[in-house]
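Q: Please take a close look at the salt bridges of this model, one pair in particular, and describe the surroundings of the residues that form them.

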Amino acid sequence: MDETEFWELVDASRRAAGGDPDEQADQLVERLAQLDPDAILDFARHFEARYNRAYRWDLWGAAWVLLDGASDDAFDFFRCWLIGQGREVFEGALHDPDALAGLLEDFDEEIDGDGEELGYAADEAYEQLTGTVAPDLGVPPAAAEPEGTPFDMEDESLLAERYPRLWARFKG
């Protein structure tokens, strides 16, 4: 599976789910379970690599603004959700986390920002198809600390300065 096929599966599942992350995970499991086990593992590798790429302080700060605070777990689930938003939103957020203010058409605090189930979709599809747990993907583990320079995310004036568009749209 190449990168284009990965993003096509993500996009198709998001469209079919109408933007609901839990429903998107179900849609993704359905689609992945129709592939062969190697393709599912390829999808999982693509997902894991992007998940690790998004482990950055600047992105955590953007999640903090969007979610009104983001614990370690909340940021993990946010990164899964961000991948689920598709290539344009994901790459745009990596390039400039504050750009999420313009990249996200709607943001429903009740359901958006938490894509925990998306992170398990490939494992679930693999297990459904093979009856066994997915093997180790061979993807290098994420760094122990997020990339970049940590900062005080509880300092609202700092957040407003670092993320002016997100702050204006979601806090203003």
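A: In what follows, a residue is buried under 20% relative accessible area, exposed over 50%, and partly exposed in between (1.4 Å probe, protein chains only). This is a predicted model, in which local features need pLDDT of at least 70 and side-chain atom pairs count only at pLDDT 80 or more, while totals for chains, interfaces and linings use all residues. Residues are numbered from 1 along each chain as its sequence is written, and side-chain values use heavy atoms, with hydrogens and water left out.

The setting is a helical one: the protein chain has 10 helices and zero strands, where helices (H or I, at least four residues) and strands (E, at least two) are DSSP runs numbered from the N terminus. Read from the N terminus on, the order of elements is α-α-α-α-α-α-α-α-α-α. The C-alpha atoms of the protein chain occupy a box of roughly 50 × 35 × 25 Å along the principal axes, and 44% of the 172 residues in the protein chain are buried.

The pair that merits particular attention is formed by aspartate 68 and lysine 171, whose side chains meet in a salt bridge at 2.6 Å, N to O. This contact links distant parts of the chain, since aspartate 68 belongs to the loop between α4 and α5 and lysine 171 to the segment after α10 (164-170), 103 residues apart. The term salt bridge denotes a side-chain nitrogen of Lys or Arg within 4 Å of a carboxyl oxygen of Asp or Glu. The two partners fall into separate classes of accessibility: aspartate 68 is exposed, because its relative accessible area is 59%, whereas lysine 171 counts as partly exposed because its value is 30%.

Aspartate 68 is also notable for its backbone. The flanking helices of its loop are α4 (57-67) and α5 (72-84). Although it is not a glycine, aspartate 68 has a positive phi of about 60°. Most residues other than glycine have a negative phi.

Other salt bridges are formed within a single helix. In helix α5, aspartate 76 pairs with arginine 79, with the closest N and O atoms 2.6 Å apart. These two residues are separated by about one helical turn, because they lie three residues apart in that helix. Aspartate 76 has a relative accessible area of 21% and is therefore partly exposed, but arginine 79, at 2%, is buried.

A similar arrangement may be described in helix α1 (residues 3-17), where aspartate 11 and arginine 14 both lie, three residues apart, or about one turn of the helix. The closest N and O atoms of the salt bridge between aspartate 11 and arginine 14 are 3.0 Å apart. Aspartate 11 is partly exposed, because its relative accessibility is 21%.

Beyond these pairs, Glu3, Arg50 and Arg87 are joined in a network of salt bridges. A search of the whole structure finds 10 salt bridges, including the one between aspartate 68 and lysine 171.
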